[in-house]
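Me: I would like to learn how to read a few features of a structure like this one, taking them one at a time. Could you show me the structure and then work through it with me?

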Amino acid sequence: MSETVTLTIDGKEVTVPKGTSIIEATEILGVEIPRFCWHPGLSVAGVCRFCMVKIEGMPKLQIACNTTCTEGMKVITVSDEVKDAHKWALEFHLINHPLDCPICDQAGECELQNYYMKVGRYSSQMDEDKVLKPKALDVGDNLVLDTERCILCSRCVRFEDEVTKTSSLGIFNRGDHSIVGTFPNRKIQHNYSYNIVDICPVGAFTAKDFRFKCRVWFLNETKTICPGCSTGCNITLYEHKNQRQYYRLKPRKNMEVNGHWMCDEGRTMYEHLNATNRLAVPTIAGKHLSWNLLGKEFKQKLENVKGNADKVALVLTPQYTNEEYENILTSLKTILGNLPKIYVWRDSAEKIDDFDGILMRGDRNSNSKGLSQILEKHAAQAVTLSGDFSPLASSSANLVLVFGPEIEKSYSQFANEVTRFAELSNVIYFGTTLNPITKKFSLAIPTKVFAEKNGTFINFKGIPQKLKANPLVFPAMKGIEDIFAEIKA
Amino acid sequence: MGYINVSKDPEKSLKNGYLSTTLLGLGQTISVFAKQLFKLEESVTIQWPEVEYKYSERFKGAHFLTKRPDGQVRCTACFLCATNCPAQCINIVAGQSSDNGIEKYPVRFEIDILRCVFCGFCEEACPVDAIRLGPEYSMAGLPEQKWVYTKDYLLNRSEIKKQVGAKQVSKKEENTKDASVMSSLPNIHKSSGSGH
Amino acid sequence: MPVIKNEYQGRKPDEFRILLGLEGHSNARNIQTYIEKGNGYKALEKVLKGGMSPEDVINTVKASGLRGRGGAGFPTGLKWSFVPKGPGEKYLITNFDEGEPGTYKDCYISEVTPHSLVEGKIIASYAIGAQKSYIYIRGEFHNEIRWCAEAIKEAYAAGYLGENIMGSGFTHHMDVYSGAGAYICGEETGLISSLEGKKGQPKLKPPFPAVKGYLGKPTVVNNVESLAVVPWIIHNGPEAYKKFGTEKSPGTKLFNVSGPIARPGCYELPLGYPLMRFINEDCGGLIGGKKLKAIIPGGSSAPALTAKECENLTLDYESIAGAGSMLGSGAIIVIPEDVSMVSVLENLMDFYAHESCGQCTPCREGTGWLYKISKHILKGKGTKTDMDRMYSIANNMRGKTICVLSDAAADPARAIVTKFAHEFEPYLKG
């Protein structure tokens, strides 16, 4: 039994594994066949009838998503007959679509709009009244449903059935009165609900979190990594083009890591990036300090303990990049002459090996693996602080450097635990979030958030993944590497 | 090859001198002055600000927002004006309307009038005829005056009400559903729960 | 030009009875009557005791040339042979949904001779190796559900159903399943979805039901009439069956006539019987001497034929297909001259818009759209472009969907809009 078949698509030959559908084969070739219901992460429904292609030897056009490639098959995706079929399929989708694009959040990234520009461009023959259906229904904690905009592709229904296995959505009624909706007394309440918004090709499902906040054409995309847990889902981060404001993030396909999806918990990872909650300027004993003077003050503090590396405690959290850990350790070694005592601060309530079966892991730190690898490389012995801070208190260090977590909500007892550091004397705290306790440290230094860093996270599987930096929310801000470079100079 | 000489003979014009031409011009001025003094001809200049100048209907002056027949703001907060604005002077914050038939409305709608270039692109971009450039052209004010026009101000332009009048209620065909249609829609979440 | 068999000349339809032999009998539904008067369960005996192998049964049915009576006319024996051989769960389902407007032949079978169906089902199940079979009946058919259930009960009592039937080692169980009355559940994969307890909507093909059907197991879905005639074929042999009908469409078929006809009803006729003779002589012609305008020859999804087109037509698959329509389920709807084709169109489109399952976009939106336009025209608000629009919408619905409901809606629309265009003119403005 041969494992591959060779076929021709628009004159281009392609060899694919046996059992591949035509639409998957065209993906390999980079030919785009218009589609609504087909999604690579879901089963084949074959209901939108949009992906029509001509197969030589078959009298009728066939749908590309449910036709398996066979040896020597000749597929044509661009003939007049196929183009006409695409136009009509689009017309059928649009005749009962409300065309309320001006108030629809999907406008700008709507597949109906995109395909109209790509394969449509006809003038509609629809003269009759459209079918009216319920709008703006609350169908869950995060979702709003507009059944009028829905094109009944059933992606959401299949997502609920196949990915989360919650099956809370169904299609009710018949004919052009068909309505997608939740079953009576059921709501969409799970940790993957925003994926439904992503896979919805139109604006039927909109996210409460993003609804009406911003039009998508104002947003810039950055491809980076989710810092929410040790899975390290690949994401696209959306930032306003003109204001320094983050609005949302979406998963990016990576079959090795997250497939097509990500969890709702991870979707909140844009919130702490915005200026409102950020620690903007360094403070020294509660007073603002300019970035220019920071280097001097920091250097002073380190020079006081020069040579006494064992009197310095370094507290790390697993939420920084490999490059930053490397920089911190080598810089301190150079300045102090030796590595200080190292503590790793972890959440006291975390269950590292937890896994929800889809993507989210109990280890809510983005770079646990990276931190342990760097520590190993430097042959450093680290003491873990997990609820119990006595090892640190008893070390009677003269200077404590705390690299606090970027995502404070991943530490269930953060507010309590951070005060334990404030009780110590001479603490230099690095953190991102504005909270009252920062004023109590002798020196508090803002750090960059993951969206502003170029660096590496190593996920639970050991896959290193690169972050990509956006422009800084506070343009004057210096990163950890800049500060150490300044004092070493 | 040849050329045509169009210049006057300098000798000849000098001979006649400039005096006659000057007197002719002076005569013109005096005649207009006299005519207007004795109201034989209408004056072009006006006594602004005592007298208002009336621009054409199509004049693009300060903005105003139109209303629905029931008095609600017509704007649906689609951001198309803000997108189209070359001066980036429109700032909108959208929200969910309590009226079921409307869905999205502007919680805030602000125009930074100092940045505005009065190009009228916002009016062009608006799909629902919600923003118009009105007849008002005198926008001078004291420095402490607010130069950011708020939604309230744009909706209720008392100083131009007389000129705008009925124009402020847009008669453009309503795209939303009235209450009777809304109530006759199939409700898939009926609390009575008689099933599907 | 269709050839009319000479042997039909001068013979009444009563003389061609294969299925409806017990018609008019006082106690026809009783198993005793069936056994005594209708050679009942003889065929089953022949199969199980006479040492016929499943292949023999399939070959006999193949040889008889029996074609599926549900509408498509697919050879029944061939359909059975697609089921994978060997052990494993398999299912036989009888399609008793009979939703096609104008059709009531299956009801008549269950009223006259439900045991033919039960016996045919046992034989067919033996042929394909199914241990369990269902009769999927439309929910509105209360009497038919009762009659079928009673027949099954009697067959169990008589030992024709259950474990180790007649000591042959063949075990078979049968059940009646009541649907909820959706037209789309008459489509075989829609029926399977409904039987599985899901929303009744057709499934994507491939995989075909013969490979992956009910509960993912090989399944054969047969029409009531196709199964009910099987015992006769087994008992009398394929050659006897082939004596009836034409070469390509052998056997008899039940025809239902409706409309303003003197004697409407269900008739058993050999295939190839002349249509106009049937209407005018056997059914007594149109009431009040009305003139015939059109005939829908095979249920509402068959394109209508004009009176002129019907003149030389015979009732078999090929002849009617040649005229551009289809024999379908054999439901002949007669339309007299005083009925407007515009209202016929509106009525049909209303039906299909209501019955589209809403799964595939062209059908979901297209049927609704066609209905809206036809309603518009009927109200006198249509324009000439509406006819062109209907034609192009119908054209673009055809052959684009999972099942053929969209074709079933598009074909009659196309036929009426083109063949009866002149009737629309009074309705159109401008």
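Me: Which strands of chain A does helix α1 lie across, and at about what angle does the helix run to β2(A)?

Reply: Please keep in mind that this is a predicted model. To read how a helix packs on strands, one asks which strands are in contact with the helix and how the two directions compare. Here helix α1 (residues 22–29) of chain A lies across β1 (4–9), β2, β3 and β5 of chain A, and the helix runs at about 120° to β2(A). Helix α2 (residues 80–94) of chain A can be read in the same manner: this helix lies across β3 and β5 of chain A, running at about 160° to β3(A).

Me: In what order do the strands stand in the sheet, and is the sheet open or closed?

Reply: The order in a sheet follows from which strands pair, and not from where they come in the sequence. In chain A, 5 strands form an open sheet whose order is β2-β1-β5-β3-β4, with mixed pairing. The edges are held by β2 (12–17) and β4 (62–63) of chain A, each of which has a single partner strand, so one side of each is left without a neighbour in the sheet.

Me: How many bridges join β3 to β5 in chain A, and which residue stands opposite Lys54(A)?

Reply: A pairing is read through its bridges, residue by residue. Strand β3 (residues 52–55) and strand β5 (residues 74–76) of chain A run antiparallel and are joined by 2 bridges. Lys54(A) stands opposite Ile76(A) in β5(A), and Ile55(A) has Val75(A) as its bridge partner in that strand. Strand β3(A) is also joined to β4(A) by 2 bridges, again with the strands running antiparallel, and there Val53(A) has Gln62(A) as its bridge partner. The hairpin of β3(A) and β4(A) has 6 residues between the strands, and in this hairpin Gly57(A) takes a positive phi near 95°.

Me: Which residues touch the most other members of the largest nonpolar core?

Reply: A core is read as a network, where one looks for the members that touch the most others. The largest nonpolar core has 248 residues, and those that touch the most other members are Cys51(A), Ile123(C), Ile295(C), Val334(C), Leu370(C) and Ala413(C). Its largest share, 9 residues, comes from helix α15 (residues 341–355) of chain C. If one leaves aside the neighbours of Ile295(C) within four places in sequence, Ile295(C) is in contact with residues including Ala304(C), Leu305(C), Cys310(C) and Val334(C). Apart from this core lies another, of 40 residues, among them Leu279(A), Leu401(A), Val418(A) and Phe441(A).

Me: Which chains have the most contacts between them, among the pairs that touch?

Reply: For chain pairs, one asks whether they touch, and then what each side is made of. Of the 2 pairs of chains that touch, chains A and C have the most contacts, with 22 residues of chain A in contact with 25 residues of chain C. On the side of chain A that touches chain C, there are 9 nonpolar, 8 polar and 5 charged residues. Between chain B and chain C there is no contact, and their closest C-alpha atoms lie 12 Å apart.

Me: What share of the residues in chain B is buried, and how many helices and strands does the chain have?

Reply: Such counts give an outline of a chain before any single residue is considered. Chain B has 7 helices and 5 strands, and buried residues make up 17% of its 196 residues. Among its contacts between residues at least 6 apart in sequence, 73% join residues at least 24 apart.

Conventions:
Residues numbered from 1 in each chain as written. Chains lettered and ligands numbered in written order. Predicted model: local features only at pLDDT ≥ 70, side-chain atom pairs only at ≥ 80, totals over all residues. Pairing = 2+ DSSP bridges. Helix = DSSP H or I, 4+ residues; strand = E, 2+ residues; numbered from the N terminus. Contact = placed C-beta atoms within 7 Å. Axes fitted to C-alpha atoms, helices over the stretch in contact; angles between N-to-C directions. Core = buried A, V, L, I, M, F, W, Y, C linked by C-beta atoms within 7 Å. Buried ≥ 20, exposed ≤ 12 C-beta atoms within 10 Å, placed from the backbone. Nonpolar A, V, L, I, M, F, W, Y, C, P; charged D, E, K, R; others polar.
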